[in-house]
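Visitor: Please show me the model, so that we may discuss its strands and helices.

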Amino acid sequence: MKKLTGSLRRWTYLTHRWCGVAGCLLMALWFVSGMVMLFIGYPKLTPSDRLAALPALSAAPQLPSQVMGDVPVSRLLLNAASGQARYIVQRADGSLISMDASSGVQAKGFSSAAALRSAKVFSGSDDVLYLGSIDEDRWTHSGSLNPHRPLHMVQVGDVAQTLLYVSSRTGEVVMQATRSQRMWSYVGAWLHWLYPLKNQSRDPVWSWTVIALSAGCVLVACSGIVVGLWRWRFARPYKSGSRSPFAPGWMRWHHLLGLGFAAITLTWIFSGLMSMNPLGIFSPTQSPNLARYDGAIVSRQHMDRTPTDILQALQRDGFQAVELEWKNLGGHCFVLARDAADGTRIVTTDAQGLLVQRRWPQAVLQEAAAMLLPAKLMQAELLDGGDAYYYRRAPEAMIGGAERRLPVLRLRFDDAGSTLVYIVPATGQVVFSADRAQRLGRWLFSFLHSWDLHFMLAAVGWREAVLILLSLGGLGLSLSGIVIGVRRVDRKMRSRN
């Protein structure tokens, strides 16, 4: 037993000593890039930014039925992102097409000249320069952009030196990245997520590389904590008077910083590992059936009124729409209208004609929601402030582009995962759902990694200051480990020579 204990102890020391050489380099990179990401995130086009750039819609005589034809359509919306009103049609296979709302003529694709027009509309500037077409680059890895590829790149001559990416399928601007975001992201999100190793939106090699490196760093941190505690004299100090056996210098600093900051370092590395959902441990056992919730697909059942009629009804209600989307809810046909300030209206029909309302009645939402899962709806509650799973984040955060409107209807189902579903009454949309596994993932990743409880996010300034202080401690721990590792390797090389 004593021999086994001694062997285990030796291997713990060796693991920390030699794996730490590379591990500390990676951890130092993560701490520096993580501090940058507190203030500047990976480039994204938020829903509010997209809508704010859309022109107001005017008359459009083409009926939706004239546009869709006999092809199955899963989504239909109308906006003027390309400078004129166009229907954007998403087919059942996920592909996108664009059709003129006045003539009904389908666009064959959007050229460089069309991309420049869209960029001018989006930016409000005539100073635009076409840079070329790409399928994917370092700022466009998101899988949501796949139906829009290839993408046109347009440089805007504004103060922010904004780079725009325009869809070759719909003519919409689908991504923006200012020069400041791009430059800081090179030492922020791009490094933090090890994107230099990523070649495409779905890259299993990158995913497993990140998982393996994160797991290795967890091992380094755990072994460091054990070694640090073994070497610390709790009962009585060493002859030097210190409770650390090391003389003043890098080794002592590493020991002291390790005891002080190893726990938070381990927490952040472990939560980063959890963000990769290794082996799918946080994947839902059953997802809500949105098709049954809708009650019909758009191409089979829709409100077949001209956009002109719908826009006039909205204007009488004092609402200036920039986008219309044809939808269904529990078999009820409606049009969801959005304005430039990201406000919404719901347009339905009744015996008197078109009816404009601000939100769906809760009873209608609950009736439709009963079709989401083959389980009993146990609880329904209207939340005015969100909860631990449904909350807003700043735009620079990883989920900063997610729609989190309030109030929201929270539903709990009696299924195996005790699934929570969140529906926004102002749109009728299911915007988020989480079963037990996903909720666990929220705590092991988002909470541990970002400190994103409501009271933490509300403590603006204090939260960032504490996170930076802890990050600096972790960075000091990593840098001291790098110095020790380099010196040890150098000594080994010299002794061999």
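Visitor: Which residue in β15 stands opposite L420?
Guide: This is a predicted model, in which local features need pLDDT of at least 70, side-chain atom pairs count only at pLDDT 80 or more, and totals for chains, interfaces and linings use all residues. Residues are numbered from 1 along each chain as its sequence is written, and side-chain values use heavy atoms, with hydrogens and water left out. Five bridges join the antiparallel strands β14 (residues 420-424) and β15; strands are DSSP runs of E with at least two residues, helices of H or I with at least four, numbered from the N terminus. Opposite L420, in β15, stands A434.

Visitor: Which are the edge strands of the sheet?
Guide: The open sheet has four antiparallel strands in the order β12-β13-β14-β15, where pairing requires at least two DSSP bridges between two strands. Those that pair on one side only are β12 (377-383) and β15 (429-434).

Visitor: At about what angle does helix α12 run to β15?
Guide: Helix α12 (residues 436-450) lies across β13, β14 and β15, contact meaning heavy atoms within 4.5 Å. Axes are lines fitted to C-alpha atoms, for helices over the stretch in contact, with angles from 0 to 180 degrees between N-to-C directions. The angle to β15 is about 75°.

Visitor: Is G241 buried or exposed?
Guide: G241 is found in the loop between α7 (204-231) and α8 (250-275). Buried means under 20% relative accessible area, exposed over 50%, and partly exposed in between (1.4 Å probe, protein chains only). Because its relative accessibility is 52%, G241 counts as exposed.
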